[in-house]
Amino acid sequence: MIGDRVRSLLGPDVVAGTATGGQPIVAPRDEDGVALLLRAACAHGWGVRIAGLGHWRPDDGPADVVLSTRRIDRPVRAAPEDLVATADAGLAWSAMQAALAEEGVWVGIDHPGTERSVGSVAATATTGALSSGMGRVRDHVLGLTLVTGEGRIVRAGGTVVKNVAGYDLAKLAVGSFGAFGVVTSVTFRLRAVPRADQTLQVQGRRDQLLEAALAVTEAGIIPSALELRNAARDERASWSLAVRALGRAAEVRATLEAVRQETGLPWEVVDTGAAAAFWRNWQHRAIQSPTTIRLGCVPTGLARCLDAVTRIGPDVVVSVSVASGSLRVTTDCGPEAIDRLRHTMTEIEVPVTVERGPWSTLAAAGHFGAYREGVGPLVTRLRKTFDPKSVFVVPVGAGA
Amino acid sequence: MTVPQTVVRALARVVGDRWIRTAVAELEMYAADALPTKRRRPGVVVLPGDPAEVASVVRILADAGVPFVARGAGTGLSGGAIAGADAVVVVLTRLTRIIAIDPQNRSATVEVGVINDRLTAAVAAHGLHYAPDPSSQTVCTIGGNVAENAGGPHCLKYGVTTNHILALDVVLPDGSQATLGSPSGDAWGPDLVGLFVGSEGRFGIATSVTVRLTPTPTVVRTLLADFTSLSAAGECVSAIIASGIVPAALEMMDRNCIGAVEASIYAAGYPTDADAVLLVELDGRDATSVAEDAAAVRGLLEDHGARGVSEATDPAARARLWHGRKKAFGALGRISRDLVVQDTVVPRSALPEVLRAIEEIGKTFGITISNVFHAGDGNLHPNITFDAENPEEIVRVEEAAAAIMHACVRAGGTVTGEHGVGLDKTRYLPLIFDAETLGAMQAVQRVFDPWDLANPGKVLPTHGVAHWHAVDRRGAA
């Protein structure tokens, strides 16, 4: 029924399949198609779940329609001489980076998981190890196009590297999990492809490695990545600390030498040929279990946060971007365990965000859980502004 | 319309009589910021002494339906801190406490009245600094920087204000309080810090700010290159950016500006017969890699026609070069008694073309335009010198400013990169945003301020804005 209506509205091939729950997967080819679908959803009272390439979170959850951005995937529009590029939301992140690399540029984000779309990375603000040295997703986004729950097309930000005209609505959309609309394209700040890229790693006890990593940051050394992780599925195994330096050859050499001197640890060089796979594997760990949670710690609070997360569920996989304080944990835990973690972490002002999980977990725990005093009413009103008919099925708060 | 006396008395009960200004002569002090073309005398000025007093003041004003305008040091260049006779200016310069410095986590929490430069001085002993460095950093406040999302020369490498704000304590327009963000910069919810920074006082008043601190580089190389062609200097900027080297700063000054600086007390030794100079700073922790970058940049400068390239050989020489650059706006006062500092951004590859267009605009309207700007970001500051007592000249200044905005937008740019929209640029927003996007901005502003009390009339134009449904205070559409 809904599928037929959508076909008559957007064309016979717009339904790209059927989701696990039986809902039609609708894949418009451009932002106008997205807007039309959302206006119809508004008019008919359909609930809409937003999806990218389908490799980040499970294909579950109640909705009448799954809106996939996968067909909004024109080639990336890059201006390498200005170090900016605009990419469609449905474009695979890897395809975007490959196209940019041919122009000698890239976006300094390494997302967790595999085969993510541009829109998914922006909407979830999920960056990986490179957040230590290159910042969070918000720091790379110059602008984006957002289609609201009523099908309004909002073009936030711009395409130049500095811009304070109007309010920064792009910041609102990045990391909001689609609560305010469907991201259909994103403009990024670019960097030149680094001439040198070297990785070192060392194994040891958690506290020893954490102490060494903190010594690096306190010495003012900022490598591109400074990442601590446990060994999955074996609590007795040692932890790893990896450092990655990107840039010009002399700069990379100097950074790694400074790290060696500051820590005095027996670092091993990861072969250049193996380094890409090494970091890819690091990012793939984030989807080894059903639920992934991000903690926003300060570096000196990491030990306490690590103590808390290693008890949250079985086979806990932990990665810590030490310089940024971002801690990602992947496990199989229910909303009660997340609630307990949030309760503990609130005492030390650490936000706990559920980045992905099965619908039952997300619906009960919410991506964000409880808001701080004064923030909840603002978020509620913002959601009503961008989605007055509650079209989007996005559980941002607990008990959604 | 004026501010009711009952409100004035209520405000005085909160802050004390000493911190209320109602006399005309006193109010005149707050009639303008650093934008010389707009001037309005406010109804009342109030100077609360701490965040609690700010909240009380805003609550009184919200209850009475009296508009208010937050103000820091008054160095804003877009008229954002100007208030009418029906409004109260809330001056935040008494909120000067540095609340906490956390060197291990590279952060500091300060009240909004803390001066930018004072924060960097306070953390310098830890080998840290606060990276955003607007030219007015010796007087402007962190709160003003947050309101405008301020930039500065070194934002090319280190990012603008929004990249350095982790958390904000804010008083919302109804007088309620909220904490946005967290000590790590991650948030309990959507990125409201990112939304609030740069909202120009329209979403409420920040009272304290947690900022990210940046390690101070141990190696700094500063090059000065002079060109006999403005276009060649612009092309050289594009070449440096395209090379993949990210200088800490990459600034340009044109002949008019060089002349003004060299004739002033800020003289820095710039060659007065050059058409343009580029000031390029490279920094890092390692002398070898910084030296390699400096050599590569020197090569690019020479390849693109630099007549001479010199280097500051010691900290005093470097400070002198930067003093000239940062005080250039003041030095331009030698050319004429009044100065409009414009602010636009263009794609860096369009700099040569846009600089030529600006030169033509100056000739067309018979005015002097001097350029001193953040070339590495494509962030132009065409400075128009004029006599504000000459009404005919003011018209030409406004016409020229509009022509510059149109030229920059045609080149793919935007109408402000770091000075904000304020009162000055509301009419230009429809050049870069469609009605739907402006409607979204207005709707978001009403989420924070349904009564339009916080800095009304700023940022958004009155025309060309699509109507979005209103959301009431409970969130009902």
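## Exercises on a predicted two-chain model

With 30 C-beta neighbours inside 10 Å, A:Gly119 counts as buried. The model is predicted, and the exercises below start from this residue.

**Exercise 1.** Determine where A:Gly119 sits and which residues surround it.

*Solution.*
1. Locate the element: A:Gly119 belongs to helix α4 of chain A, residues 118-124.
2. Classify the burial. The threshold for a buried residue is 20 or more other C-beta atoms within 10 Å; A:Gly119 has 30 such neighbours and is therefore buried.
3. List the contacts. Leaving aside residues up to four places away in sequence, A:Gly119 touches A:Gly52, A:Thr69, A:Ala89, A:Gly90 and A:Val183.
4. Set sequence against space. A:Leu53 and A:Gly119 are separated by 66 residues in sequence, while their C-alpha atoms are 9.4 Å apart.

**Exercise 2.** Establish the strand order of the open sheet in chain A that has 5 strands, and identify its edges.

*Solution.*
1. Write the order: β5-β6-β10-β8-β9 of chain A, with antiparallel pairing.
2. Find the strands that pair on one side only: these are β5 (77-79) and β9 (153-157) of chain A, the edge strands.
3. Consider the twist. On average, neighbouring strands of this sheet are turned by 10 degrees against each other, direction ignored.
4. Examine one edge. β5(A) is joined by 3 bridges to the antiparallel strand β6 of chain A, residues 84-88. Here A:Ala78 stands opposite A:Ala85 of β6(A).
5. Add the helix. α2 of chain A (residues 31-44) lies across β8 (141-147), β9 and β10 (182-189) of chain A, and it runs at about 45 degrees to β8(A).

**Exercise 3.** Describe the side of chain B that touches chain A, by element and by residue class.

*Solution.*
1. Count both sides: chain B supplies 75 residues to the contact and chain A supplies 63 residues.
2. Name the elements of chain B that give two or more residues: β9 (177-181), α7 (192-196), α8 (230-242), α10 (287-303), α15 (429-432) and α16 (435-448).
3. Pick out the main contributor: α16(B) gives the most, with 7 residues.
4. Divide this side by class: 29 residues are nonpolar, 34 polar and 12 charged.

**Exercise 4.** Identify the residues that touch the most other members of the largest nonpolar core, and examine B:Val90.

*Solution.*
1. Recall the background: nonpolar side chains in soluble globular proteins tend to be buried together.
2. Name the residues: in this core of 291 residues, A:Val48, B:Val90 and B:Leu278 touch the most other members.
3. Inspect the surroundings of B:Val90. Residues up to four places away in sequence being excluded, B:Val90 touches B:Val46, B:Pro48, B:Val54, B:Val57, B:Phe68, B:Val69, B:Ala70, B:Arg71 and B:Ile205.

How values were computed: Residues are numbered from 1 along each chain as its sequence is written. Chains are lettered from A and ligands numbered from 1 in the order in which they are written. This is a predicted model: local features need pLDDT of at least 70, side-chain atom pairs count only at pLDDT 80 or more; totals for chains, interfaces and linings use all residues. Two strands pair if DSSP finds at least two bridges between them. Helices (H or I, at least four residues) and strands (E, at least two) are DSSP runs, numbered from the N terminus. Axes are lines fitted to C-alpha atoms, for helices over the stretch in contact, and angles run from 0 to 180 degrees between N-to-C directions. Two residues are in contact if their C-beta atoms, placed from the backbone, lie within 7 Å. Ala, Val, Leu, Ile, Met, Phe, Trp, Tyr, Cys and Pro count as nonpolar, Asp, Glu, Lys and Arg as charged, and the others, Gly among them, as polar. A nonpolar core is a set of buried Ala, Val, Leu, Ile, Met, Phe, Trp, Tyr and Cys residues joined through C-beta atoms within 7 Å. A residue is buried if 20 or more other C-beta atoms lie within 10 Å of its own, exposed if 12 or fewer, and partly exposed in between; C-beta atoms are placed from the backbone.
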